[in-house]
Protein chains: 2
Amino acid sequence: MTTDSLPRKPVKRANAISPTRQEDYAEWYQQVIKEADLAENSPVRGCMVIRPWGYGLWENIQQSLDRMFKDTGHQNAYFPLFIPLSFFEKEAEHVEGFAKECAVVTHRRLEAKPGGGLVPAAELEEPLVVRPTSETIIGASFAKWIRSYRDLPVLINQWANVVRWEMRTRLFLRTTEFLWQEGHTAHATADEARAETMRMLDIYEHFAHEYMAIPVIKGEKCSWERFPGAINTYSIEAMMQDRRALQAGTSHFLGQNFARASGIRFQTKEGGEDYAWTTSWGVSTRLIGALIMSHSDDDGLVLPPRLAPRHVVILPIYRNDADRERVLQYCRTLTAELRDRPYGDGRIQVEIDDRDIRGGEKTWYHIKRGVPVRLEIGPRDLDAGVVSVSRRDRPSGERQALPHAEFVARAGEILGEIQRGLFERALTFRDANMREIVDRAVFEEWFQSQDDEKQLRGGFALCPFVDDPAIIDALAALKVTVRCLPLDQQPRAAKCLFTGKSTDRWAIFAKAY
Amino acid sequence: MTTDSLPRKPVKRANAISPTRQEDYAEWYQQVIKEADLAENSPVRGCMVIRPWGYGLWENIQQSLDRMFKDTGHQNAYFPLFIPLSFFEKEAEHVEGFAKECAVVTHRRLEAKPGGGLVPAAELEEPLVVRPTSETIIGASFAKWIRSYRDLPVLINQWANVVRWEMRTRLFLRTTEFLWQEGHTAHATADEARAETMRMLDIYEHFAHEYMAIPVIKGEKCSWERFPGAINTYSIEAMMQDRRALQAGTSHFLGQNFARASGIRFQTKEGGEDYAWTTSWGVSTRLIGALIMSHSDDDGLVLPPRLAPRHVVILPIYRNDADRERVLQYCRTLTAELRDRPYGDGRIQVEIDDRDIRGGEKTWYHIKRGVPVRLEIGPRDLDAGVVSVSRRDRPSGERQALPHAEFVARAGEILGEIQRGLFERALTFRDANMREIVDRAVFEEWFQSQDDEKQLRGGFALCPFVDDPAIIDALAALKVTVRCLPLDQQPRAAKCLFTGKSTDRWAIFAKAY
């Protein structure tokens, strides 16, 4: 395989994303989304429109996770969007955690008002909360379904929209309405529920590593970062390119708290009665934000092939009608050959872009959308029996000429290389920006240096940790949060940087989304 | 193939659905749903819980339709759940059509009230309507996306939940919240938009016939049954077993009404400016109600194999541990063989039910859930190399012994036979209960005889029709509605039964869901 020397114009940098990551990371993020047609703000405060290219990503995320959920015995179901206020109130910590961000339905019709326009009418006897999460409403069904230990475990998942009224929103990362899956399970014993909690966390890790190409750290959340009402909350934490942390998925061991609140009782094997042990776990469209910020570059979106809606785009090049037909015919044959090739859980997804727009514009269109492989095919390529291959994980001007048959045979392998390469790059970046810190002054210097949002400094700090809410204020002053206590750690005695107390547990600290 | 004579106990009728269709059709419907674990009422007025077996049906409906939508160039996207009141008001007929059944969000948090409990707080400046349909909010995006004829057509579909506050609800048929898909497209010309409207109606017809095994009549709705704001509404209409009509899908030609309301303007090829021509079309979880009422019998649910979550269930039979291992091993081999066989758009879905419950109970469990084929396998079957096959479309006691290899080879064919058989049976039933009526007295007698809900009489009447709202009251008195003007009709001169005016167009009249 040799680097191409076809005399084609280099790809112009003027078309890249502005600003660059270095110049203004937050604005770069917005521009990547805009230029890739992933999503946009809607006229409804805090709600986004997910455009087809962004929704295609979500469909691939859904399909991949759904398969893993079903392979581990879970079934999908659907529960009401609305939760009666009285249900929501049943678990005290839970309602406290969500009360401040609930959309509330209070009326069931609109009526003309004098002078024109409409006003809400027919007030409901009991207000309805638009679900921010469904523990309480699903708990009501579980209480009906579960009578005996023979009915357990119940392993349910729901794909749904949820609403949490956020004051500061950002596309994909934090929106008032978002799409997610929420798993809800009930078990006869605490051990089984704990095992389920960890199994789903493992699935999220597997998905992040193998599909998203994002290295994550599995760990337990500290007490003040727990899901409201949970006994333990576990998460996977990823490092974005600005070295901030992003929580990419959570899995909760709920103990018997929600079972008690919803009355999920069952007859035990021994003939007694007990409350069920429940779990819940979820990931959301936030994953798309993680994807964007992990891999994309100053040219725009970069997609891991396992989740890309399109793997290969073919760009036919011709100057006259005679060439046009010849080239297009060749492209169609190539498309059919590629579509026959397995990749990931399906086949290679190929598209010919034959729109009548300038070549540079067209090339940039696909660069910015993160299509993993672009093929340019003109009359000379056809005569030489080669395809000109550009990979999204390589600099935008780089091309390689490959014999047609070799490319077809190796396309899946190339996609696999890109997938692994993205993961390796993200892992190298994370490891280079994570350090152990055991000294308060070093800790503060490490995070203060990150204060200027436009400077990419700081990262993850692994420090001795004592779970004491007294340290929250000191962390808040530094705008630092406790991400998780990594599960993969050996006890090592040290002193907490904030309380000075001895501990043998360590936690990841970071600025976060 | 011979009818089995294995000396097994007949299936007891005592386990069937009570009441029968004849005794009480409406209650029979509820009981079929309950016994098949399809869905249940939730604590939220008018909202249902879709249980895994019912949701599995919806997933299959989604996958099949989604493939057809994508094959015809449509892309999925997602738009906000909430619609600002000001958007909703833009199309006058539209808002009038939906104002009476809107859930309205007026507050964005909950606050503790003195004496305990929570109340809605932080009132919104502008109330938000929970979408009953998304023309207006999607129109706002289209207005941004579409600038030139080059941007057209825009072909979008959304899978989503919608809310219409219904006072009288019934599982699947009419619920306050339901799941659906809504297609929304914009075109440069009226002709293209009309062609799209009909293309999607054709897809719905194809889906009803080939997947749901339900014969439908394609037609245009009369003026007072149109979607609020549409120029023309088309539907597919099916006959249920109580001879009532059920509208199973609609496709609307919206003209430029919504484009004008939302400002969807574009530069034409000729350099002028015009409003886009739009369409919308949808089917919902109501289809599951249609499925239940078309095919099910007094034993419970009957599922067309193309949509059944499981095609074959294997029921191992044994009396001791030695037999158990031998029989289960045989069942596992059979399962693997069957799972390798193509059927429909995928492979044969098989499950072994090895739960430790009585054989009769287990058999009825699967009869009531409508699994197309049941296989009973005991030590004698194993020794004889046969499987005992029961088909859900045959009487519940009927079994056939088939050689193992023959069944594996023919399983897909048997499923195909069941699928076609259900369609043929439903078609025969509909045709037997549809007649042309040109006389008012005959018309009244035909529909009055259906007045007793427990009597299965009446059906579809094809009558000369003049689109005059003056006839609404006369029809309402008979509880009869105009279903549609079938597209497949030749002009035939006759007199309208109600206005006495001459016409050459005919319409289907029926009582309806």
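Start in chain B of this predicted model: select Arg170(B), in the loop between β8 (154-163) and β9 (177-187) of chain B. Because 18 other C-beta atoms lie within 10 Å, Arg170(B) is partly exposed. Now add Tyr29(B) to the selection and draw the distance between the two C-alpha atoms. Arg170(B) and Tyr29(B) are 141 residues apart in sequence, yet their C-alpha atoms are 9.8 Å apart in space.

Stay in chain B and go to Pro153(B), in the loop between α5 (135-145) and β8 of that chain. Show the backbone here: the peptide bond from Leu152(B) to Pro153(B) is cis, with omega near -5°.

Next, select Ala213(B), which sits in the loop between α6 (190-212) and β10 (217-220) of chain B. Its phi is near 60°, a positive value in a residue other than glycine. Is Ala213(B) buried or exposed? Ala213(B) counts as buried, because it has 26 C-beta neighbours inside 10 Å and 20 are enough for that class.

Step back one residue to Met212(B). Setting aside neighbours within four places in sequence, the contacts of Met212(B) include Phe207(B), Leu287(B) and Ala290(B). Leu291(B), Pro304(B) and Leu307(B) are also in contact with Met212(B). Met212(B) belongs to the largest nonpolar core, which has 303 residues. Which members of this core touch the most other members? They are Met212(A), Ala238(A), Met212(B) and Ala238(B), so selecting these four marks residues of both chains in one core.

**Between the chains**

Display both chains and colour them separately. The contact takes in 47 residues of chain A and 48 residues of chain B. On the chain A side, strand β6 (residues 104-112) gives the most, with seven residues. Colouring that side by residue type shows 31 nonpolar, eight polar and eight charged residues.

Keep β6(A) selected and add strand β6 (residues 104-112) of chain B. The two strands run antiparallel and are joined by three bridges. For a point of reference in this pairing, pick Val105(A), which stands opposite Val105(B) in β6(B).

The predictor's scores for the complex are an ipTM of 0.95 and a pTM of 0.95.

**Chain A: sheet and domains**

Hide chain B and show the strands of chain A. An open sheet of 11 strands can be followed in the order β4-β8-β9-β15-β12-β11-β10-β25-β28-β24-β23, with mixed pairing. Its edge strands are β4 (75-76) and β23 (434-436) of chain A, each pairing on one side only.

Within this sheet, select β9 (residues 177-187) and β15 (residues 277-284) of chain A. Eight bridges join these two strands, which run antiparallel. Gln181(A) can serve as a marker here: it stands opposite Val283(A) in β15(A).

Now colour chain A by domain. The division is into domain 1 (34-84 + 133-295), domain 2 (304-430) and domain 3 (434-510). The centres of domain 1 and domain 3 of chain A, taken over C-alpha atoms, are separated by 27 Å. Their contact takes 16 residues from domain 1 of chain A and 18 residues from domain 3 of chain A.

Which elements give two or more residues to the domain 1 side of this contact in chain A? They are β10 (217-220) and β11 (232-239) of chain A. The largest share, four residues, comes from β10(A). By type, the domain 1 side divides into five nonpolar, three polar and eight charged residues.

**Two loops and the start of chain A**

Select Lys479(A), in the loop between α14 (472-478) and β25 (481-486) of chain A. Lys479(A) has a positive phi of about 60° although it is not a glycine. Lys479(A) is exposed, because 12 other C-beta atoms lie within 10 Å.

Then move to Pro19(A), in the loop between β1 (2-3) and α1 (25-35) of chain A. A cis peptide bond joins Ser18(A) and Pro19(A), with omega about 5°.

Last, colour chain A by pLDDT. The mean is 94, and 96% of the residues of chain A reach 70 or more. Select residues 1-8 of chain A, where the pLDDT is below 50. Beyond near neighbours in sequence, this stretch has 11 contacts in the model. Where pLDDT is low, the predicted coordinates should not be read in detail.

Methods
Residues are numbered from 1 along each chain as its sequence is written. Chains are lettered from A and ligands numbered from 1 in the order in which they are written. This is a predicted model: local features need pLDDT of at least 70, side-chain atom pairs count only at pLDDT 80 or more; totals for chains, interfaces and linings use all residues. Two residues are in contact if their C-beta atoms, placed from the backbone, lie within 7 Å. Ala, Val, Leu, Ile, Met, Phe, Trp, Tyr, Cys and Pro count as nonpolar, Asp, Glu, Lys and Arg as charged, and the others, Gly among them, as polar. Two strands pair if DSSP finds at least two bridges between them. pLDDT is the predictor's confidence in each residue, from 0 to 100. Domain bounds come from an automatic or database domain assignment. A nonpolar core is a set of buried Ala, Val, Leu, Ile, Met, Phe, Trp, Tyr and Cys residues joined through C-beta atoms within 7 Å.
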